[in-house]
Amino acid sequence: MTDIMQTEKKSKLVIGLFGFGVVGQGLYKVLQDVQTADATIKSICVKQKNKPRAVDSVMIKYDPDELLQDPEVNLIVELIDDADAAYEIVKTALLNGKSVVSGNKNMLAHHLKELIEIQRNTNVALLYDASACGSIPVIRNLEEYYDNDLLQSITGILNGSSNFILTKIFQQGWTYQKALKNAQELGFAESNPSFDVDGFDSMFKLIILALHGFGTLVDPEEVFHYGISNVSDHDILYAREKSKKIKLVAQVSKVNGKKFTMFVLPKLVSADEYIYNVEEEYNGVIIEGQFYDKQFMFGKGAGAFPTGSAVLSDITARKHNYRYEYKKLNFFASPLYTRDITIEVYLRYHDLVDLSHFDFESISEKYTGPEYNYVIGRLKLDNLHKLKTLIRKLNVFIAWTGKIN
Ligand SMILES: NC(=O)c1ccc[n+]([C@@H]2O[C@H](COP(=O)([O-])OP(=O)(O)OC[C@H]3O[C@@H](n4cnc5c(N)ncnc54)[C@H](OP(=O)(O)O)[C@@H]3O)[C@@H](O)[C@H]2O)c1
């Protein structure tokens, strides 16, 4: 047998799949349709015993070890909605010498430090392009194309459900509650809507993008994220009067060359910005760098088939022994994370006591009315971060104007 044939034989992938929900089933169907993948799902591990499954029952398992200890399985694909269980599955698989494909941004944002170390020691690989922006191959592009020091910022709409909700509010005049219900019915919103609408999901994805873009892994607790669950008709009206839309935006950017900052906030977006026309469940990512200015990636950020196809891409990448080299982490001086930056925000409030929590350095616009009030002013990101739990309990809404220094 020639060397090439031996390599091909070796690289045939036998998959142990964890999770058969939206994405797991999407992947299953995508794999059935793709003749060239040369990868087969041997077993599927799920949780609930009496749930009907559209798959041969001999494939269904409930004990993780039936996949993790199966010598024939050489790739674990983890697509479950429980971050703690996912961590145990992924860690065990890597320690058992099996490479892993995962879509679990929550688990990855919390455990990548350890999982990178395990990859180093065991020489197996963990790929997770599906974890950020669904079908848009952002992570692999950051690893392979933006593997130099020119990158300045990554800004994006990273959460399909909140973008879908905001689209319905702005385009069709729906209430927030009606739009959220519709997003859940269509399967865009995760089982716990707070994960999407309060910016957790975007924040976990941003942490992963920041690692591959800038080389520093930031603890989720250290990142300020605020979402859209408090948006009101007043805020929509304000945005409309200024010819803007509100979008939930995640941004990581360099500060003075040696530091970088990151946050998730609703943003007042004007018509000349690339993300202005990113609607429905789509995602859009702007990558900005020295010399090349801005580049824009756009595509479906969620759903069974878009995400399933991203998982397939990681599976076929493993067929060719692809692994992330974590180039920014391993070969560059990692920048320090800072929240010591000033941003300009729109703050809508009702009571002065709510406003008093915010430490504005300057205020450039103020409105006081019978139903609500707002200010436009500059404050430190660190001030917002200190208030991050309290803010969700106040009758306020915050949106970034786009100004930062
Ligand atoms: N939905 C999207 O568009 C999307 C996009 C990108 C990334 N993701 C990520 O992909 C993952 C899966 O999302 P999903 O939308 O497919 O979730 P989902 O529809 O809620 O399905 C979750 C699946 O995980 C299984 N499961 C839960 N805990 C388990 C455990 N301990 N052991 C084995 N199986 C377990 C469930 O089993 P039962 O069937 O028995 O309940 C179910 O099949 C999540 O990490 C999510 O963040 C989703």
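Select K319 to begin: in this predicted model, the residue has a relative accessible area of 16%, which is under the 20% cut-off, so K319 counts as buried. With the side chain of K319 displayed, add D38, because the two form a salt bridge in which the closest N and O atoms are 3.4 Å apart. This pair links distant parts of the chain, with D38 in the loop between α2 and β2 and K319 in helix α12 (residues 304–319), 281 residues apart.

Stay on D38 and bring in K12, whose side chain meets that of D38 in a salt bridge of 3.3 Å, N to O. Here D38 lies in the loop between α2 (22–33) and β2 (39–45), while K12 lies in the loop between α1 (3–10) and β1 (13–18), so the pair ties together parts that are 26 residues apart in sequence. Unlike the buried K319, D38 is partly exposed, with a relative accessible area of 30%, and K12, at 37% relative accessibility, is likewise counted as partly exposed.

Next, move to helix α15 (residues 381–386) and select D382 and K386, which both lie in this helix, four residues apart, or about one turn of the helix. Their side chains meet in a salt bridge at 2.9 Å, N to O. How exposed are the two partners? K386 is exposed, with a relative accessible area of 66%, whereas D382 is partly exposed at 22%. Extend the selection to E222 and R339, since salt bridges that share partners join these two residues with D382 and K386 into one network. Across the whole structure, a search finds 28 salt bridges.

From the charged pairs, turn to a nonpolar part of the surface by selecting Y274, F296 and F298, which form a nonpolar patch with about 290 Å² of accessible area together. One of these residues, F296, is found in strand β12, which covers residues 293–300; its relative accessible area of 31% makes F296 partly exposed.

The cysteines deserve a separate selection. Choose C45 and C133: C45, at 6% relative accessibility, counts as buried, and C133, at 0%, counts as buried too. How many disulfides does a search of the whole structure find? The search finds zero.

For a view of distance across the model, select K242, placed in the loop between α11 (233–241) and β9 (244–255) and counted as partly exposed at 38% relative accessibility. Then add D84 and draw a line between the C-alpha atoms of the two residues: K242 and D84 are 158 residues apart along the chain, and these atoms are separated by 44 Å.

Finally, zoom out to the whole chain, whose secondary structure comes to 16 helices and 17 strands. Its radius of gyration is 22 Å, close to the 22 Å that the globule rule gives for 405 residues, so the chain is as compact as a globular protein of that length. Taken along the principal axes, the C-alpha atoms fill a box of roughly 80 × 50 × 35 Å. Colouring by accessibility will bring out the buried residues, which make up 57% of the 405 residues in the chain, and a surface display will show an accessible surface of about 17,900 Å², of which 50% belongs to carbon and sulfur atoms. If contacts are drawn as well, residues 24 or more positions apart account for 72% of those with a separation of 6 or more.

Conventions:
Residues numbered from 1 in each chain as written. Predicted model: local features only at pLDDT ≥ 70, side-chain atom pairs only at ≥ 80, totals over all residues. Heavy atoms only, no water. Disulfide = S-S within 2.5 Å. Buried < 20%, exposed > 50% of the residue type's maximum accessible area, 1.4 Å probe, protein only. Patch = residues over 30% accessible without salt bridge, like charges linked within 9 Å, V, L, I, M, F, W, Y side chains within 5 Å. Areas by Shrake-Rupley, 256 points an atom, 1.4 Å probe, with all protein chains shown as cover. Salt bridge = Lys/Arg side-chain N within 4 Å of Asp/Glu carboxyl O. Helix = DSSP H or I, 4+ residues; strand = E, 2+ residues; numbered from the N terminus. Rg over C-alpha atoms; globule rule 2.2 N^0.38 Å. Contact = heavy atoms within 4.5 Å.
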